[in-house]
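Hi,

Here is the structure I promised to pass on to you. Have a look at it first, and then read my notes underneath.

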Amino acid sequence: MSGKKIREPGHDPSALRIDKLLWFLRFARNRTMAKKLANKGHVRLNGRRVDRAHMMVRQGDILTIPQGREVHVIRISALPLRRGSAPDAQSCFERLRTGE
């Protein structure tokens, strides 16, 4: 091998699959739960209903995520590279106020 990094077709380093993002940001306990949450159509990305776990999220996008009796509205400020600690995850988004 020549040591070159092989790029996956369609790979965009400035975007991340929504199921991975939900898992990385700790809105789901595991990737399977994140995928189910995205596929059920409960999550919204920039106001549009998400029904596929492979939809791509970019920095600056707004997500609406239901969790129990709460609904979280967040703006993505940075895309995480991996699932880290809770403080690391919280530094990647900002919560937006609703109902005002």
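Before the sheet makes sense, you need one rule: two strands pair if DSSP finds at least two bridges between them. Strands themselves are DSSP runs of E with at least two residues, helices are runs of H or I with at least four, and both are numbered from the N terminus. With that in hand, look at strand S5 (residues 62-67) and strand S6 (residues 70-76), which pair in the antiparallel sense over six bridges. Within that pairing, Ile62 stands opposite Arg75 in S6.

Two housekeeping notes. This is a predicted model, where local features need pLDDT of at least 70 and side-chain atom pairs count only at pLDDT 80 or more, while totals for chains, interfaces and linings use all residues. Residues are numbered from 1 along each chain as its sequence is written, and side-chain values use heavy atoms, leaving out hydrogens and water.

**The overall layout**

The protein has three helices and seven strands. If you walk along the sequence, they come in the pattern β-α-α-β-β-β-β-β-α-β. Five of the strands make an open sheet in the order S3-S2-S5-S6-S7, with antiparallel pairing. Strand S3 (48-49) and strand S7 (93-95) are the edge strands, each pairing on one side only.

Some totals next. Of the 100 residues, 31% count as buried; buried means under 20% relative accessible area, exposed means over 50%, and partly exposed is in between (1.4 Å probe, protein chains only). The protein exposes about 7,200 Å², and carbon and sulfur atoms supply 48% of that. Those areas come from the Shrake-Rupley method with a 1.4 Å probe, and for residues only the protein chains shown count as cover. As for contacts (heavy atoms within 4.5 Å), residues 24 or more positions apart account for 40% of those with a separation of 6 or more.

**The nonpolar core**

A nonpolar core is a set of buried Ala, Val, Leu, Ile, Met, Phe, Trp, Tyr and Cys residues joined through side-chain atoms within 4.5 Å. Which members of the largest one touch the most other members? They are Leu25 and Leu63, out of 23 residues in that core. Helix H1 (18-24), helix H2 (31-39), S5 and S6 are the elements that give two or more residues to this core. H1 gives the most, with four residues.

Try clicking on Leu25: leaving aside residues up to four places away in sequence, Leu25 touches Ile74, Ile76, Pro80, Ala89, Cys92 and Phe93. Then try Leu22, which lies in helix H1 and is buried, with a relative accessible area of 1%. With that same allowance for sequence neighbours, the residues that Leu22 touches are Phe27, Ala28, Ala34, Leu37, Val43 and Ile65. The C-alpha atoms of Leu22 and Ala38 are separated by 8.7 Å, with their positions 16 residues apart along the chain.

**The salt bridges**

Side chains of opposite charge can pair when their charged atoms come close. The rule used here is a side-chain nitrogen of Lys or Arg within 4 Å of a carboxyl oxygen of Asp or Glu, and the count comes to four salt bridges.

- Asp19 forms one with Arg17, and their closest N and O atoms are 3.0 Å apart. Is Asp19 buried or exposed? Asp19 is buried, at 1% relative accessible area, whereas Arg17 counts as partly exposed at 27%.
- Asp51 and Arg52 meet through their side chains at 3.7 Å, N to O. Asp51 is partly exposed at 41% relative accessibility, and Arg52 is partly exposed at 43%.
- Arg75 and Glu94 also meet in a salt bridge, at 3.7 Å, N to O. This pair links distant parts of the chain, with Arg75 in strand S6 and Glu94 in strand S7, 19 residues apart. Arg75 is partly exposed at 31%, and Glu94 is partly exposed at 38%.

Salt bridges that share partners also join Arg17, Asp19 and Arg31 into one network.

**One last stop**

Finally, find Asp88 in helix H3 (residues 86-90). Asp88 counts as partly exposed, at 41% relative accessibility. Asp88 and Phe24 are 64 residues apart in sequence, and 9.6 Å apart in space, C-alpha to C-alpha.

Happy exploring!
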